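Student: Please pick one part of this model and go through it closely. State each cut-off once, where the term comes up.

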Amino acid sequence: MSDTTTTAVGEGNASAKAPVDPRDAYVLVVEDNLQNLVLVARLLAFLGVRRYEWKASGWQVLEFADTMPRVDLVLMDIHLPYEDGYDALRKLRSDSRFKDTRVVAVTADANPASMEKARQAGFDGFLGKPIDPDKFPDQIRHILHGEQVWDLGY
């Protein structure tokens with residue numbers, strides 16, 4: 001595998017995260033593009049995820065996440081209105097309830113520098129857009145099983 005595709009599976013602190021069956025997962029999708037949300041929602045449903053919530057901006061994502069029974073995975077767009085994905089990640093990580101929650105950057109700004117910035121910021125993975133519908137379900141399955149996925153999408 002090259003550095004521009006899936007580069008890390010099972011790295012970092014992911015081993016401390018207990019595996020979650022997709023059918024039991026609670027997923028928060030933070031995405032401001034409705035077409036991208038629809039694609040992600042369909043692919044999550046295909047994977048067996050029955051419980052997901054959607055937030056269209058990074059603004060008050062912590063407060064929104066706090067209304068969910070639990071959050072096993074956050075799929076976070078980076079370029080969001082009001083507060084970007086980095087700001088939202090910092091707020092989530094500052095709350096003890098979400099400090100170990102899997103948070104994966106999902107962005108059209110898919111290049112090695114952006115991936116490294118996401119890694120340094122504390123994301124647990126990186127998925128470049130456009131999302132590959134053939135790879136996405138397996139990527140999410142790996143992430144829910146405690147592995148990290150870093151994929152520029154090309």
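Tutor: A residue is called buried under 20% relative accessible area, exposed over 50% and partly exposed in between, with a 1.4 Å probe and protein chains only. The model is predicted, so local features need pLDDT of at least 70 and side-chain atom pairs pLDDT 80 or more, while totals for chains, interfaces and linings use all residues. Numbering runs from 1 along each chain as its sequence is written, and side-chain values use heavy atoms, without hydrogens and water.

The part chosen is helix 4, residues 112-121. Helices (H or I, at least four residues) and strands (E, at least two) are DSSP runs numbered from the N terminus. The protein has five helices and six strands, in the order β-α-β-α-β-α-β-α-β-α-β along the sequence.

Within helix 4, S114, M115 and A118 are buried. These buried residues line one face of the helix, because they fall within an arc of 100° when seen down its axis; the arc is taken from the directions from the helix axis to the C-beta atoms. An α-helix has 3.6 residues a turn, so residues three or four places apart point the same way. On the face turned away from the buried side, helix 4 carries the exposed residues A113, K117 and Q120.

The cover over the buried residues of helix 4 includes helix 3 (85-94), strand 4 (102-107), strand 5 (125-128) and strand 6 (150-151), a contact being heavy atoms within 4.5 Å. Across the protein, 73% of the contacts with a separation of 6 or more join residues 24 or more positions apart. Of its 154 residues, 49% count as buried.

Next, the ends of helix 4. At the N-terminal end, N111 acts as a cap: one of its side-chain oxygens lies 3.0 Å from the backbone nitrogen of A113. This is read as a polar contact (a pair of N or O atoms within 3.5 Å; within protein, one able to donate a hydrogen and the other to accept it, and residues adjacent in sequence counting only if both atoms are side-chain atoms). Just after helix 4, G122 has a positive phi of about 110°.

A side chain also reaches a backbone nitrogen outside helix 4: that of S57 lies at 3.2 Å from the nitrogen of W59. S57 sits in the loop between strand 2 and helix 2 (61-65) and is buried, with a relative accessible area of 8%. Leaving out residues up to four places away in sequence, S57 touches V30, L80, P81 and Y82.
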